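Colleague: Could you take a close look at one part of this model for me, the salt bridges around the end of one helix? Follow the thread wherever it leads from there.

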Amino acid sequence: MPTPTPTNEPRNENQNHKDPNQKGARLTELVEIMRRLLAESGCPWDREQTLRTLRPYLLEETYEVLEAIDRDDVPGHRDELGDLLFQIVFQSALRDAEGAFDIDDVSGAIVAKMTRRHPHVFGDATVSGADEVLRNWSKLKEKEHADKGTPRRTLDGVPAALPALLRAQRIGEKAATVGFDWPDVQGVRDKVTEELRELDEAILSGDPHAIQHEMGDLLMVLSRLSTHLHVAPEDALRAALSRFEGRFAAVEDLAAAEGRSVQKMSAADLEVYWQQVKQNQREGELPKK
């Protein structure tokens, strides 16, 4: 998708000396760029877009931000945040054309929400720590919906389109706000053992539906265990996948250096190379992914 934001321009020497009171001023430039792109004399591609056609770009830009964070790519993080911000400005402009709301309404709504939900910062409330902030946040959300006449269920507000592992984490966290949770790590760990046993029984039965059911239960409990251990399960899995990709690429490189192809190797031979890669990483010969 073409992105007109000047994120790839060299940094101006004055950018390191910005007036802290003026941060955010350049957002108005982006809003103006968007206005020109959607004008009759603007960009034909941008003028053809709708909220539905922009959906995949919003998702793609979000994941590119996450990837930049995972790589600790600071310039890339800046650029990808710009691309994501452009999506927000773009969608706001399309709603503005409908007469629904504009970018100022979007900004005003989140300013009001953050102010309202942080009474310990912008009001007279006091909190003992982060846990109490989260509890108060949930209570304030419930009150807001009750005031609107739209009381919500405990698990409402978790998008169905989230990646399943992240959704499992969020649902578990919401259930925990009303006390539906294990009291400690050991309780969740015991449940993991129980779910593994039930999965083993399903495997022995050969019933594919039972296997899927028990595998789902196990994954949900593992998500909750991860949260109890203060590890984001989605991040943990992403890191594990990155390590696996790096190690498998190293296996292919080692095999190629010996004139061999992984496609023609046995599982036992692959395991030998895999262990060699891990040993090389431990000894510092390969980067640890």
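Modeller: Arg71 and Asp73 bring their side chains together in a salt bridge, at 3.0 Å from N to O. Keep in mind that this is a predicted model. Neither partner is hidden away: Arg71 has a relative accessible area of 47%, so it falls in the partly exposed class, and Asp73 is partly exposed too, at 24%. The pair isn't on its own, either, since Glu67 joins Arg71 and Asp73 in a network of salt bridges. As a general point, side chains of opposite charge can pair when their charged atoms come close.

Now look at Asp70. Its side chain meets that of Arg238 in a salt bridge, 2.5 Å from N to O. That one ties distant parts of the chain together: Asp70 sits in helix H3, Arg238 belongs to helix H11 (residues 233-257), and 168 residues separate them. Arg238 comes out at 24% relative accessibility, which means partly exposed, as it lies between the 20% and 50% cut-offs.

Helix H3 runs over residues 51-70, and Leu66 is in it. Here the chemistry changes: Leu66 forms a nonpolar surface patch with Leu59, Tyr63 and Ile69, and together they have about 340 Å² of accessible area. Leu66 itself has a relative accessible area of 33%, so it counts as partly exposed. That value also clears the bar for patch membership, because a patch residue needs over 30%.

For the wider picture on charge, the structure holds 15 salt bridges. One of them pairs Arg26 with Glu29, where the closest N and O atoms are 2.9 Å apart. Arg26 is exposed, because its relative accessibility of 54% is over the 50% cut-off, whereas Glu29, at 40%, is partly exposed.

A charged side chain turns up in another role at helix H5. Asp102 caps the N-terminal end of H5, with a side-chain oxygen 3.1 Å from the backbone nitrogen of Asp104. The helix itself (residues 103-116) has 14 residues, so at 1.5 Å a residue it should span 20 Å, and its end C-alpha atoms are indeed 20 Å apart.

For a buried spot, go to Ala175 in helix H8 (residues 164-176). Its relative accessible area is 14%, so it counts as buried. Beyond its neighbours within four places in sequence, Ala175 touches Thr154, Leu155 and Phe180. Thr154 is 21 residues from Ala175 in sequence, with 6.8 Å between their C-alpha atoms.

Key: Residues numbered from 1 in each chain as written. Predicted model: local features only at pLDDT ≥ 70, side-chain atom pairs only at ≥ 80, totals over all residues. Heavy atoms only, no water. Patch = residues over 30% accessible without salt bridge, like charges linked within 9 Å, V, L, I, M, F, W, Y side chains within 5 Å. Areas by Shrake-Rupley, 256 points an atom, 1.4 Å probe, with all protein chains shown as cover. Salt bridge = Lys/Arg side-chain N within 4 Å of Asp/Glu carboxyl O. Helix = DSSP H or I, 4+ residues; strand = E, 2+ residues; numbered from the N terminus. Buried < 20%, exposed > 50% of the residue type's maximum accessible area, 1.4 Å probe, protein only. Contact = heavy atoms within 4.5 Å. Expected span 1.5 Å × (residues − 1). Polar contact = N/O pair within 3.5 Å; in protein donor to acceptor, adjacent residues only side chain to side chain.
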